[in-house]
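Open the model in your viewer and keep the selection tool at hand. The stops below say what to select next and what is there.

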Amino acid sequence: MTDSEPTRLPTTAELTIATPEGVVFRLPLAGPAARLYAVLLDTAIVLAAVNGLGSLVYFIFAKAPGFGIMVITLAEFAIGFAYAALLEGFWNGQTIGKRLFHLRVIDQAGFPLRVEQAWVRNLMRVFDALPFAYLAGGISVLSSPLMQRFGDRVAGTLVVRETPLAAPAEESWTRQKYNSFMDYPAIAMRLRRAATPELGSLIQDALRRRNELTPYARREIYRELTTYLQNEIAPFPDELVEMLSDEQYLFNAAGVLFGDQRLSRL
Amino acid sequence: MILDLQRFQAQAGPRWSKLEMLLAALEGRPDRRLNPVEAEQLQDLYAQTSSDLNRVTHGALAPDLRQYLERLVARAYAELYYAPPMRSEIWQPRSWLRIFTAFPEAFRRQSRYFALATLITVLGCALGGLAVRYDTAAVEVLLPANYLRNPGQRVNEETKGQNRHPGTAQVEAAFSAELITHNIQVALLAAALGVTFGIGTALLLFENGVLLGAVAARYTQQGFGLFVTAWLLPHGAFEIPSILIAGQAGFYLARLLLRRREDRDMRRAMREWLLLIAGLALMLVWAGMMEAFFSQHHAPVLPYGFKVAVGAAELVLLTVYLLLIGRRERAAEAQVSVAAERK
């Protein structure tokens, strides 16, 4: 067994929920940057809407500009507050900005947002925006384990990241015809037992990003990983390792870790 | 690592995609209601996928797959355990109209926070009034604007109509919108400042009170008591109580946050807070219109006595509305809730 419940610190903040059935799942929380982008986009949308409305009103009230200003001022104010509250309330926790940046507001128990929660968290913006540029809200987000601004704390909501996910496809290293590490079943077994999930995903990521890394970075990263595996986890015989490039070494290691799990060849 | 991931994924994959399709269909539905067949199907798929997740978490090294399954289980969990509100009700005008009775009910339920807000404002008023009365230096500090410091000049201008423009109704309309949005914003801030455990709310109310007291004292001192009453009362009759209600909402929020987490009924509390805000916003709309269209007209157009009478009538109506409209909590119910709060 390699994976017991989190002994590591999560790399990003997450909400952990244990269901009544004893299933534990985690939801990744949205950081302040993504949320700021979403807010900026939403602000732009609101401004555009208000301006569009403004020119329409100006046209309608051409003879009575005072009343035009009244309509615009009130509409601007109402739209500013109602835009996010209504959209989040009826569109399952998303505004247009949040949808584009793959964010969603949810109840902190993992449920969809309720209408009154949407209103409370958006009315509380007047406080979160203090003294300028969402400083109070930003400090609250950074100091809260659930990344909540004050409005979220009061409404009992939080913002999660929802990057679309598909069931992972098969990777090339799971389909190796021949893997020289399999000739040393005892050592391969040791590697499989000792590797933590983090180490496993590190190797997987290193191989997947092969083409994104510069040659120098790739060489250094692969060498470090190989040295670590070879010295600390599972030393394969020198005569085998000498024949392999670092990349091939990692490829083989990934094959051992993620390949055919039936141990038929071991 | 126990699992044969390839075989596992090949076997379980179809039910994952089935669950994904079902979820997509449900999430697209505005009322999120399930029919019995779907509910059963969702329950089954949720249970199976949860157990798949458990197996992947504890028996395999597959971070991507685990993340995918976690997301799937999270969505199914939300659909299965979430009791959707009657969303269709929200679109019925009758439920919107209920706000007119629900607001005074909420006001009465939380009246002790209103009393606290009033007390702080009155203290501020007293301080402002006394300072202006007995300390000439305080006038400069407390009343920075010239028109507040020298009432005589202002009264002259106002009564002569120097501040009026041609097309007055137009200007007044724009002015009323300005007032309404500004006042609602300030009130909302007072209510939101409850998150500072009420300290911010108290400071804001106190400052407001000091200014009010200082202006009233200054004008009265110089013999313009009737003028200032006629000037402020027609809109103040709604504006000042609504700021007090904002303070009430702020203190209510503060008290809620000071409670232990398990003692909070957040759902009810949020509705209560929102009701107070919605009510005071409506009051401020009225106050803004009165301030722009009515308060700014002075004698001889509108006699001061008439203006004061209108203001007083408003105040009486508002009091009657806040104290009598809506369902009254029966004594027994009230006692139960008091007992629960004391626990």
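The tour goes from one whole chain to its contact with another, then to a helix pair, a single residue and a strand pair. Keep in mind throughout that the model is predicted.

**Stop 1: chain B**

Select chain B and show it as a cartoon. Its secondary structure consists of 16 helices and zero strands. Chain B has 343 residues, of which 38% count as buried. Now look at how the chain folds back on itself: among contacts between residues at least 6 apart in sequence, 83% join residues at least 24 apart.

**Stop 2: where chain B touches chain A**

Add chain A to the view and select the residues in contact between the two chains. Chain A contributes 49 residues and chain B contributes 54. On the chain B side, at least two residues each come from H1 (5–27), H2 (36–59), H3 (63–81), H11 (168–192) and H14 (266–295). Colour H11(B) separately, since with 14 residues H11(B) gives the most to this side. Colouring by class shows 34 nonpolar, 13 polar and seven charged residues on the side of chain B that touches chain A.

**Stop 3: two helices of chain A**

Hide chain B and select residues 65–90 of chain A, which form helix H2, together with residues 115–123, which form helix H4. The axes of these two helices come within 8 Å and cross at roughly 150°. An angle over 145 degrees counts as roughly antiparallel, so that is how H2(A) and H4(A) lie to each other. The crossing is right-handed.

Show the side chains where they meet:

- From H2(A): A:Phe81, A:Ala84, A:Ala85, A:Glu88 and A:Gly89.
- From H4(A): A:Val115, A:Ala118, A:Trp119, A:Asn122 and A:Leu123.

By class, the residues of this contact are seven nonpolar, two polar and one charged.

**Stop 4: A:Leu123**

Stay on helix H4 of chain A and select A:Leu123. Is this residue buried or exposed? A:Leu123 is buried, because 21 other C-beta atoms lie within 10 Å and 20 or more are enough to count. Bring chain B back. Leaving aside neighbours within four places in sequence, A:Leu123 is in contact with A:Phe81, B:Leu188, B:Ala192 and B:Ile277. For a distance check, select A:Leu207 as well: the two residues are 84 apart in sequence, and their C-alpha atoms are 47 Å apart.

**Stop 5: a strand pair in chain A**

Finish with strand S3 (residues 103–107) of chain A and S4(A), which pair in the antiparallel sense over five bridges. A:Leu103 has A:Arg161 of S4(A) as its bridge partner. S4(A), residues 157–161, is mostly covered, with four of its five residues buried.

Terms used. Residues are numbered from 1 along each chain as its sequence is written. Chains are lettered from A and ligands numbered from 1 in the order in which they are written. This is a predicted model: local features need pLDDT of at least 70, side-chain atom pairs count only at pLDDT 80 or more; totals for chains, interfaces and linings use all residues. Two residues are in contact if their C-beta atoms, placed from the backbone, lie within 7 Å. Ala, Val, Leu, Ile, Met, Phe, Trp, Tyr, Cys and Pro count as nonpolar, Asp, Glu, Lys and Arg as charged, and the others, Gly among them, as polar. A residue is buried if 20 or more other C-beta atoms lie within 10 Å of its own, exposed if 12 or fewer, and partly exposed in between; C-beta atoms are placed from the backbone. Two strands pair if DSSP finds at least two bridges between them. Axes are lines fitted to C-alpha atoms, for helices over the stretch in contact, and angles run from 0 to 180 degrees between N-to-C directions. Angles under 35 degrees count as roughly parallel, over 145 as roughly antiparallel, 65 to 115 as roughly perpendicular and the rest as oblique. A crossing is left-handed if the near helix is turned anticlockwise from the far one by less than a right angle, and right-handed if clockwise.
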